Amino acid sequence: MAIVLITGATSGFGEACAKKFAANGYDLIITGRRAERLQLLQQQLEQQHNIKVLPLCFDVRDEKAVTATLNAIPEQWKAVDILINNAGLAMGASSIDQGEFSDWDVMIDTNVKGLLYVSRTVIPWLKAQGKGHIINLGSTAAKQVYANGNVYCATKAAVDSLSQAMRIDLLPYRIKVTAVHPGAAQTEFAVVRFKGDAEKAGNVYKGFTPLRGEDVADTIYYCATLPAHVCINDLVITCLQQANAYYFQKE
Ligand code: NDP
Ligand code: 8X3
């Protein structure tokens with residue numbers, strides 16, 4: 001059966017993707033920094049479905065950890081069919097003159113450099129097979145900038161650019177590249193952004209019904225299971241009450 005490698009599978013979209021692909025018989029490589037959650041998810045999915053799950057605990061910002069951990073997996077696991085570059089986050093929300101350097105470093109290192117480290121390691125495996133599919137998680141924040149979004153929006157615009165670049169570079173190798181750009185979705189994203197402040201995080205979703213992790217996972221699964229000759233290059237998905245990164249119809 002096919003293998004899907006999902007970064008950031010310990011919550012939100014990544015976890016929802018793991019459940020969706022597992023339910024459809026895919027073997028999974030799941031990654032994240034929270035080892036306990038990875039182990040629990042592995043146990044749960046292997047019990048529920050007739051699949052194998054390989055949990056890998058590493059920080060995508062750590063170039064050496066990314067390359068050493070991935071390169072050390074058993075050869076049969078390197079036959080990856082689908083790479084979902086999902087690990088990412090926002091940290092803080094303030095005008096650019098008040099931003100924290102440390103928040104900027106975390107976002108740039110995770111959303112841009114981490115995605116590059118993982119991709120650079122896995123792409124040679126896909127090339128050797130002459131097939132594969134890379135799905136990158138962008139955001140509506142890649143398409144329009146919103147107030148106080150500055151660096152987060154810039155990292156997601158970088159994901160948008162890198163997805164276009166990958167599509168061009170990997171075209172000769174029959175490797176598909178899809179950028180999926182969700183709007184507001186209620187995951188752990190806002191709690192992480194506001195550093196554990198649940199009240200601030202809850203306010204993000206007041207007055208509208210946001211996307212759920214499952215909505216995005218279903219969309220990613222759809223992109224990943226189209227006929228071999230079809231590739232969705234770029235896809236924006238929002239809830240009913242969101243038109244773009246900053247325009248909402250709230251109740
Ligand atoms: P969650 O916070 O629920 O999940 C983020 C995942 O990324 C976790 O599994 C986390 O794992 C992992 N992660 C974060 N930093 C690192 C790191 N340094 N190394 C390894 N893994 C890391 O958020 P979402 O599911 O919402 O977000 C997933 C992606 O979707 C992100 O790229 C986000 O920017 C994007 N997105 C989110 C939207 C939203 O509104 N929720 C909308 C559009 C895009 P762990 O902490 O265990 O390391
Ligand atoms: C995450 C969604 O609206 O916070 O990319 O930018 S938003």
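**Group meeting: helices, ligands and loops of a predicted model**

Let me begin with helix 1. Its twelve residues, at 1.5 Å each, should span 16 Å, and the C-alpha atoms at its two ends lie 17 Å apart, which agrees. Please keep in mind throughout that this is a predicted model.

How many of the twelve residues of helix 1 are buried? Eleven of them are, and the helix is therefore described as mostly covered. The buried residues are Gly12, Phe13, Gly14, Glu15, Ala16, Cys17, Ala18, Lys19, Lys20, Phe21 and Ala22. You will notice that charged residues, including Glu15, Lys19 and Lys20, appear in that list. After helix 1 comes Gly25, with a positive phi near 90°.

One residue of helix 1 will serve as an example, namely Gly14. Gly14 has 28 C-beta neighbours inside 10 Å, and because 20 or more are required, Gly14 counts as buried. If we leave aside residues up to four places away in sequence, Gly14 touches Ile6, Thr7, Gly8, Ala9 and Asn86. From Gly14 to Ser119 there are 105 residues along the chain, and their C-alpha atoms are separated by 16 Å.

Ser119 brings us to helix 4, where Ser119 is one of the buried residues. Helix 4 runs over residues 101-129, and its 29 residues, at 1.5 Å each, should span 42 Å; the C-alpha atoms at its ends are 41 Å apart, which agrees. Where is the kink in helix 4 centred? The kink is centred on Lys113 and amounts to about 35°.

The buried residues of helix 4 are Met107, Thr110, Asn111, Gly114, Leu115, Tyr117, Val118, Ser119, Val122 and Leu126. What do these buried residues pack against? Their partners include three strands that I would point out on the structure: strand 1 (3-6), strand 4 (82-85) and strand 5 (132-137). Strand 6 (175-182) is a partner as well, together with helix 3 (63-71) and helix 5 (150-170). Beyond the end of helix 4 we meet Gly130, whose phi is positive, near 70°.

Let me now step back to the whole protein. Its secondary structure consists of eight helices and seven strands. The radius of gyration is 17 Å, close to the 18 Å that the globule rule gives for 251 residues, so the protein is as compact as a globular protein of that length. The C-alpha trace spans about 50 × 40 × 35 Å along its principal axes. Of the 251 residues, 40% are buried. Among contacts with a separation of 6 or more, 71% join residues that stand 24 or more positions apart.

The model also contains ligands, and I shall take ligand 1 before ligand 2. Ligand 1 is surrounded by 28 residues, of which the closest are Gly8, Gly12, Gly32, Arg33 and Gly88. The elements giving two or more residues to this shell are helix 1, helix 4 and helix 6 (189-193). Which element gives the largest share? Helix 1 does, with three residues. By class, the shell around ligand 1 has eleven nonpolar, twelve polar and five charged residues.

Around ligand 2 we find Ser139, Thr140, Ala141, Gly149, Ala184, Phe189 and Ala245. Four of these residues are nonpolar, three are polar and none is charged.

Two residues from the shell of ligand 2, Ser139 and Thr140, are also touched by Pro182. Pro182 is part of strand 6. Is Pro182 buried or exposed? It is buried, because 26 C-beta neighbours lie inside 10 Å. Apart from Ser139 and Thr140, Pro182 touches Leu211, Val216 and Ile237, again setting aside residues up to four places away in sequence. Pro182 and Thr219 are 37 residues apart in sequence, and their C-alpha atoms are 9.8 Å apart in space.

I shall finish with two loop residues. Arg174 belongs to the loop between helix 5 and strand 6. Its phi is near 60°, a positive value in a residue other than glycine. Arg174 counts as partly exposed because it has 16 C-beta neighbours inside 10 Å, a number that lies between the limit of 12 or fewer for exposed residues and that of 20 or more for buried ones.

Lys195 sits in the loop between helix 6 and helix 7 (198-203). Lys195 likewise has a positive phi in a residue other than glycine, with a value near 50°. With 11 other C-beta atoms within 10 Å, Lys195 is exposed.

Methods
Residues numbered from 1 in each chain as written. Chains lettered and ligands numbered in written order. Predicted model: local features only at pLDDT ≥ 70, side-chain atom pairs only at ≥ 80, totals over all residues. Helix = DSSP H or I, 4+ residues; strand = E, 2+ residues; numbered from the N terminus. Expected span 1.5 Å × (residues − 1). Bend = angle between axes of the 7 residues up to and from the residue. Contact = placed C-beta atoms within 7 Å. Near = placed C-beta within 6 Å. Rg over C-alpha atoms; globule rule 2.2 N^0.38 Å.
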